[in-house]
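Biologist: I'd like to go through the charged side chains in this one. Can you pull it up?

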Amino acid sequence: MGEGTAESGRKTLRVETQIGQLRYFLPVLEKVITQTKKRVLGGDSHVQGKVLSLFEPHTEVIRKGKAHKPNEFGRLVRIDEVENGIVSGYQVLAGNPEDSPSWMPALEQHQVSFGHAPETATGDRGFFSAHNERETQALGVKKVALPGRGRLSAKRAEQQKQRWFRRALRWRAGVEATISTLKHPFSMWRATYKGGLGFERYVGWCVITKNLFSIARYQARRRDHGQVG
């Protein structure tokens with residue numbers, strides 16, 4: 001009698017789970033049909049609230065670079081790096097924002113993590129704005145290496161030719177290798193956890209494992225040079 005009751009309970013739970021899935025998927029499917037009709041029959045490619053994935057609703061359209069490049073689907077992640085390949089901060093971003101609004105949050109997170117602003121802060125030209133430079137200097141950063149956009153004034157061009165500025169930009173180029181390492185050896189190119197929170201958790205684990213690898217590699221180099229026991 002007890003076994004029969006348990007089996008009946010399990011069947012009821014499975015049915016309720018399937019009912020819950022239907023309640024979620026049916027309205028989403030209706031929305032997909034509606035947006036498809038608008039796009040295919042009506043020629044409207046800018047449908048508001050477009051469904052991009054039935055199973056991963058947090059997916060965003062990502063546009064990078066020039067207009068001829070194809071759309072990508074997923075989420076943008078801001079990566080902050082300090083010396084020795086350590087990822088000091090990251091943020092999963094909403095939508096397809098410009099880079100510049102992410103600059104100050106990255107510096108503020110660095111200050112919270114380390115107790116002070118970095119001596120040098122650098123990024124690519126997407127992070128540049130006069131406001132970001134002023135706010136960075138006000139935060140106490142001594143050297144701000146953000147290459148300007150468009151036609152440069154003589155003063156600006158001279159600043160960007162200085163050795164410390166060019167050295168900072170060369171160091172920043174190494175972040176591309178870090179991003180590539182996260183995406184491929186550490187599998188951040190495709191999250192396998194489900195849902196928006198699962199996506200953020202997956203990114204976090206990729207960063208943690210990458211940092212552990214970087215720390216181990218740094219310690220091995222120090223041992224090879226006789227700097228540690």
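Biologist: Is Arg156 buried or exposed, and what is its relative accessible area?

Modeller: Keep in mind that this is a predicted model. Buried means under 20% relative accessible area. Arg156 falls under that cut-off, so it counts as buried, with a relative accessible area of 12%.

Biologist: Which residue forms a salt bridge with Arg156?

Modeller: Arg156 sits in helix α4 (residues 154-160), and its partner is in helix α3 (residues 130-138), 23 residues apart. The closest N and O atoms of the pair are 2.8 Å apart. That partner counts as buried too, at 13% relative accessibility. The residue is Glu133.

Biologist: How many salt bridges does the structure hold?

Modeller: Besides the one between Arg156 and Glu133, there's one where the side chains of Arg78 and Asp80 meet at 2.7 Å, N to O. Arg78 and Asp80 are both buried. In total, the structure holds four.

Biologist: In the salt bridge between Glu56 and Lys194, which residue counts as exposed?

Modeller: The N to O distance here is 3.8 Å. Glu56, in the loop between α1 (2-40) and β1 (60-62), is 138 residues apart from its partner, in the loop between α5 and α6 (195-224). Glu56 is buried, with a relative accessible area of 13%. Exposed means over 50%, so at 64% relative accessibility the exposed one is Lys194.

Biologist: Which helix gives the largest share of the positive patch?

Modeller: The patch on the surface gathers Lys142, Lys143, Arg163, Arg166, Arg167 and Arg170. One of them, Arg166, is partly exposed, with a relative accessible area of 39%. Four residues of the patch come from one helix, residues 163-183, and that's helix α5.

How values were computed: Residues are numbered from 1 along each chain as its sequence is written. This is a predicted model: local features need pLDDT of at least 70, side-chain atom pairs count only at pLDDT 80 or more; totals for chains, interfaces and linings use all residues. Side-chain values use heavy atoms; hydrogens and water are left out. Patches are made of residues with over 30% relative accessible area and no salt bridge: like charges are joined within 9 Å, nonpolar side chains (Val, Leu, Ile, Met, Phe, Trp, Tyr) within 5 Å. Accessible areas come from the Shrake-Rupley method with a 1.4 Å probe; for residues, only the protein chains shown count as cover. Lys and Arg count as positive and Asp and Glu as negative; His and the chain ends are not counted. The place of a charge is taken as NZ of Lys, CZ of Arg, CG of Asp or CD of Glu. Helices (H or I, at least four residues) and strands (E, at least two) are DSSP runs, numbered from the N terminus. Buried means under 20% relative accessible area, exposed over 50%, partly exposed in between (1.4 Å probe, protein chains only).
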